[in-house]
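Open the model in your viewer and keep the selection tool at hand. We will begin with the whole chain and then go from stop to stop.

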Amino acid sequence: MISGQVIQNAIDELKAITRVDLCVLDTDGNTVATTFSDEELDVSSIELFVQSPADSQVMQGCHFFKIMDNQIPEYVLVARGNGEDGYMIGKIAVSELHNLMVAYHEKQDRNSFIQNVLMDNMLLVDIYNRAKKLHIDIEAKRVVYLIETKQEQDSNALELVRTLFAGSSRDFITAVDEKNIILVKELKPEEGYEAVDQTAKMLLDMLNSEAMSKVRIAYGTMIEEIRFLSKSYKEAKMALDVGKIFYEEKSIIAYSTLGIGRLIYQLPIPLCEMFMNEVFGGELPDSLDDETLMTINKFFENSLNVSETSRQLYIHRNTLVYRLEKIQKSTGLDVRVFEDALTFRIALMVSNYMKYMERNTF
């Protein structure tokens, strides 16, 4: 059902042009929108009119009209005045409101169709047939963005995204849960991942500043046919989860840049536990103190460069070497050696993954 505000705007515009007062009520006689006081209207007569076979009727000095939806009365329109002008303006208003309802239903149908395609709930033949009926291009370059808001049902963020892409009927904004907004963006043939990333940055900046909402944005790979939308959506969903585990500092995560995090995310937990026990025995990386972990991470960030790491940590080179030797004694791994550093780095990522899965297993 279209919102009362949309109906109010429509009849306000008609009143400004024609100077004829209009009122829209539901079939129970409750006012939806009006340009005049409806206290003079008799609710019982409206109910009788709804039940009658007539499409229009003159009562109480006004023209009454039924607004139909699939042959069923949805609203009653009242045009003030019983002359020909009132009748003509009333018919125009009925036509406009009916067109608004048709457009709303089409929008809802398109939205429902996109949701079903994203969730992989349709057969291939049904996707093509439905897309053709809804005038949605089957072969077009698209990408799926997943926007996660901190607050559930963040209507400000959703409305802002809709406003940003309101001018394009080829883009779709929808949601399949209470926390994530989905944007299906159609791309021009010459646009690549640079343009995709620019759109993500624009969304991030606008949502953080205008909607005052802290968000994370992930996107999948570009697809060439509408049947592959579910693939791009699943990729964006995985990118969002992997980003939370391994790249917490990033606000924008692309599926194509997940690297080793994508591999670890798909490992079964028993295999992860076996790996951790083989590498560390009973001593897991997360049992190390914060100072040690910070030293290791900074050492990795600087590509195992002792001088640069000690400079950034504001400590003497010998102090850093002492810390690294201490780590070697407790773990059996010398992170100054590439192979051991690689093993330790993967172990830290596996540890983060196991903790994330433990927190999110119900």
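Start with everything displayed. This is a predicted model, and its chain has a radius of gyration of 30 Å, whereas a compact globule of 362 residues would come near 21 Å. Turn the view along the principal axes, and the C-alpha atoms fill a box of roughly 100 × 45 × 40 Å. Colour by secondary structure next: there are 13 helices and ten strands to find. A surface display covers about 19,900 Å² of accessible area, with 50% of that belonging to carbon and sulfur atoms. Of the 362 residues, 43% count as buried. Among contacts with a separation of 6 or more, 60% join residues that are 24 or more positions apart.

**Stop 1: an exposed loop residue**

Select helix 1 (4-18) and strand 1 (22-26), then look at the loop between them, where Arg19 has its place. What is the sign of phi at Arg19? Phi is near 65 degrees here, a positive value in a residue other than glycine. Arg19 counts as exposed because its relative accessibility is 74%.

**Stop 2: strand 6 and strand 8**

Now select strand 6 (residues 142-149) and pick out Arg142. Is Arg142 buried or exposed? With a relative accessibility of 2%, Arg142 counts as buried. Show its contacts, leaving out residues up to four places away in sequence, and you will find Ile136 and Asp137, then Val184, Lys185, Glu186 and Leu187, and finally Thr221, Met222, Ile223, Ile226 and Leu229.

One of those partners, Val184, is a good next click. Val184 sits in strand 8 and is buried, at a relative accessible area of 0%. Beyond its neighbours within four places in sequence, Val184 is in contact with Arg142, Val143 and Val144, with Arg170, Asp171 and Phe172, and with Ile114, Leu118 and Leu229. For a distance across the model, draw a line from Val184 to Ile92: these residues are 92 positions apart along the chain, and their C-alpha atoms are separated by 36 Å.

Stay in strand 8 (residues 180-186) and move to Asn180. Asn180 is also buried, with 13% relative accessible area. Apart from residues within four places in sequence, the contacts of Asn180 are Leu146, Ile147, Glu148, Ala175 and Leu240. The last of these, Leu240, is 60 residues away in sequence, with 10 Å between the two C-alpha atoms.

**Stop 3: the loop ahead of strand 8**

Step back to Asp177, in the loop between strand 7 (172-174) and strand 8. How exposed is Asp177? Asp177 is partly exposed, with a relative accessible area of 36%. Draw a second line, from Asp177 to Phe228: they are 51 residues apart in sequence and 21 Å apart in space, C-alpha to C-alpha.

**Stop 4: helix 10, helix 11 and helix 12**

Move along to the loop between helix 10 (290-301) and helix 11, and select Ser303. Ser303 has a phi near 55 degrees, again a positive value in a residue other than glycine. At 62% relative accessibility, Ser303 counts as exposed.

Now display the helices themselves. Two packed helices are described by the angle between their axes and the distance between the axes. Begin with helix 11 (residues 306-313) and helix 12 (residues 317-331), which pack at about 105 degrees with axes 9 Å apart. Helix 11 and helix 12 are therefore roughly perpendicular to each other. Show side chains to see who meets whom: Val306, Ser307, Thr309, Ser310 and Leu313 come from helix 11, and Arg317, Leu320 and Val321 from helix 12. This contact divides into four nonpolar residues, three polar and one charged.

Keep helix 12 on screen and add helix 10. What angle do helix 10 and helix 12 make? They pack at about 110 degrees, with 11 Å between their axes, so helix 10 and helix 12 are roughly perpendicular to each other. Helix 10 contributes Glu291, Thr292, Thr295, Ile296 and Phe299, while helix 12 contributes Leu320, Arg323, Leu324 and Ile327. By class, this contact has five nonpolar, two polar and two charged residues. Finish by highlighting Leu320 of helix 12: this residue belongs to the contact with helix 11 and to the contact with helix 10.

Conventions: Residues numbered from 1 in each chain as written. Predicted model: local features only at pLDDT ≥ 70, side-chain atom pairs only at ≥ 80, totals over all residues. Heavy atoms only, no water. Axes fitted to C-alpha atoms, helices over the stretch in contact; angles between N-to-C directions. Helix = DSSP H or I, 4+ residues; strand = E, 2+ residues; numbered from the N terminus. Parallel < 35°, antiparallel > 145°, perpendicular 65-115°, else oblique. Contact = heavy atoms within 4.5 Å. Nonpolar A, V, L, I, M, F, W, Y, C, P; charged D, E, K, R; others polar. Rg over C-alpha atoms; globule rule 2.2 N^0.38 Å. Buried < 20%, exposed > 50% of the residue type's maximum accessible area, 1.4 Å probe, protein only. Areas by Shrake-Rupley, 256 points an atom, 1.4 Å probe, with all protein chains shown as cover.
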